[in-house]
Amino acid sequence: SILYLGAVAISGISGLDFTLSVFLLAIFSIFIALGGMKVVGYTSAIQVFFLVISGFIALFLSLKMIGGTEGISAGFHILKTETADHFHMIFKKDNPNYIDLPGLSVLLGGMWIANLNYWGCNQYITQRALGASLPVARKGILFAAFLKMLMPFIIVVPGIAMFYLNSHNLIDASLINSRNAEGVTIAESNKAYPALLTLLPSGIKGVTIAAFAATVVASLAAKVNSISTIFTLDIYKKIFNKEASESKLVGIGKITIVISTAIGILLTLGLGDTLMGEGKQGFQYIQEYTGFVSPGIFAMFLLGFFWKKTTSNAALFAMIGGFILSVILKFIPGLIDLQPLYHVGLAVPNAKGLFEIPFLDRMAIVFVLCMIGMYIISIIENRKGVKPNGLEIDASMFKTSTGFAVGSLIIIGLLVALYTMFW
């Protein structure tokens with residue numbers, strides 16, 4: 001998904017062929033990944049500055065195009081007035097986007113599972129924190145949280161502005177629109193950000209494109225680095241060669257990086273358009289299909305970390321059972337009419353007219369079932385005499401500094417304010 005969406009963006013901005021963009025991004029990511037996480041870290045730190053600056057410039061220019069001579073404040077007012085429905089974050093059941101953002105589940109349901117699993121249980125993310133001391137890692141996480149608070153200004157509002165500009169024919173429609181397999185013209189949401197970057201002045205646009213390409217490459221490098229680490233240490237060393245030397249493991253890791261990148265190229269060219277093209281939202285695709293495994297993984301981490309009676313079989317149930325439950329709930333609309341669940345907001349009609357459980361609600365349901373299943377299995381095995389090897393955790397690790405606590409409260413306050421303003 002990173003490779004496909006990155007190539008779509010680079011191709012749209014630069015005019016390069018899509019396939020060529022895929023290969024260039026993949027090749028550069030291999031070189032970065034072979035340099036290790038330190039290289040990825042430095043690359044990410046440099047590029048984020050340019051992306052944030054260019055994001056604010058794009059916000060200014062897009063609002064200026066809408067407001068005209070009256071300025072950006074008038075542009076924002078026009079945007080809020082004429083695209084008011086795009087500024088709501090909590091949808092009602094009759095909203096066509098409810099299946100993606102199911103009302104209060106955004107605040108109380110599966111959105112928590114998606115976020116906590118991504119930020120707390122994902123090797124791709126946690127390896128950045130694990131490479132630093134605990135105080136430094138916390139500062140990095142807090143800084144990332146403040147950067148996330150900029151997203152409404154440098155991503156969301158400019159995205160809504162691009163929708164307005166495209167629907168009012170104020171930009172070149174070919175930047176966003178394309179034809180699907182049936183020959184119908186559709187707006188490609190995945191092309192909105194690349195189209196936005198074309199509005200930037202020439203010098204700034206060049207720097208931004210370079211920074212954006214570096215972001216994609218760094219993300220790919222971090223992802224394949226994670227794959228390499230997991231395969232080398234958790235599979236190869238534990239199963240195939242327990243006596244492997246350090247140099248041997250490094251070599252296997254490098255081979256894994258190349259092979260996993262090659263597989264990514266094949267999947268991108270073979271399945272990218274089918275899964276994420278033709279008007280589909282790439283980010284939505286990522287969230288939904290990682291949601292097949294994230295509820296079980298998060299349940300396993302949560303109980304495994306905070307309940308010392310959790311057994312290995314209970315964790316295995318969460319991993320395998322969680323995936324099976326997710327698949328069942330995904331495809332059950334074709335077997336059972338879920339319309340009765342509509343009245344409580346747990347099912348809405350999909351594109352085929354079948355009542356389907358929104359994927360965030362599905363994640364919440366699977367998570368609860370995994371937690372219950374793990375609890376029952378652990379209690380039964382505890383009574384049979386099974387003694388789990390619990391983690392030895394130093395309670396002092398959970399004590400935070402005053403600065404971190406204050407920063408966290410500020411973030412929570414900003415989030416509450418945002419949801420209150422744009423409910």
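## Aromatic pairs

Eight aromatic pairs turn up in this structure, which is a predicted model. One of them joins Tyr118 and Trp119 in an edge-to-face arrangement, with 5.1 Å from centre to centre and 90° between the planes. Why edge-to-face? The label applies to planes over 60 degrees apart, and the planes of this pair stand at 90°. As for their surroundings, Tyr118 is partly exposed at 33% relative accessibility, and Trp119 is partly exposed too, with a relative accessible area of 40%.

Another of the pairs brings together Phe305 and Phe306, and this one is tilted: the centres are 5.4 Å apart and the planes make an angle of 55°. Here the two partners fall into separate classes of accessibility. Phe305 has a relative accessible area of 34% and is partly exposed, whereas Phe306, at 57%, counts as exposed. The cut-off for exposed is over 50%, so Phe306 with its 57% falls in that class.

## A buried serine in helix α3

Is Ser62 buried or exposed? Its relative accessibility is 0%, so Ser62 counts as buried, given that buried means under 20%. This serine belongs to helix α3, which covers residues 37–67.

Which residues does Ser62 touch, once its neighbours within four places in sequence are set aside? The contacts are Pro158, Ala161, Leu165 and Leu196.

## The fold as a whole

Stepping back to the whole chain, you will find 17 helices and four strands. The radius of gyration is 23 Å, and the globule rule gives 22 Å for 423 residues; the two are close, so the chain is as compact as a globular protein of that length. Along the principal axes, the C-alpha atoms fill a box of roughly 75 × 55 × 50 Å.

How do contacts spread along the sequence? Taking those between residues at least 6 apart, 70% join residues at least 24 apart. The contacts of Ser62 with Pro158, Ala161, Leu165 and Leu196 give a local picture to set beside that figure.

## Surface and charge

Of the 423 residues, 38% count as buried, and Ser62 is one of the buried residues. The accessible surface of the chain comes to about 23500 Å², and carbon and sulfur atoms account for 69% of that area.

On the electrostatic side, the chain carries 28 positive and 21 negative charges. Their mean positions lie 11 Å apart, a handy figure if you are looking at how charge is distributed over the model.

Terms used:
Residues are numbered from 1 along each chain as its sequence is written. This is a predicted model: local features need pLDDT of at least 70, side-chain atom pairs count only at pLDDT 80 or more; totals for chains, interfaces and linings use all residues. Side-chain values use heavy atoms; hydrogens and water are left out. Helices (H or I, at least four residues) and strands (E, at least two) are DSSP runs, numbered from the N terminus. The radius of gyration is taken over C-alpha atoms; the globule rule is 2.2 Å times the number of residues to the power 0.38. Buried means under 20% relative accessible area, exposed over 50%, partly exposed in between (1.4 Å probe, protein chains only). Contact means heavy atoms within 4.5 Å. Accessible areas come from the Shrake-Rupley method with a 1.4 Å probe; for residues, only the protein chains shown count as cover. Lys and Arg count as positive and Asp and Glu as negative; His and the chain ends are not counted. The place of a charge is taken as NZ of Lys, CZ of Arg, CG of Asp or CD of Glu. Rings of Phe, Tyr and Trp (its six-membered ring) pair if their centres lie within 6.5 Å; planes under 30 degrees apart count as stacked, over 60 as edge-to-face and the rest as tilted.
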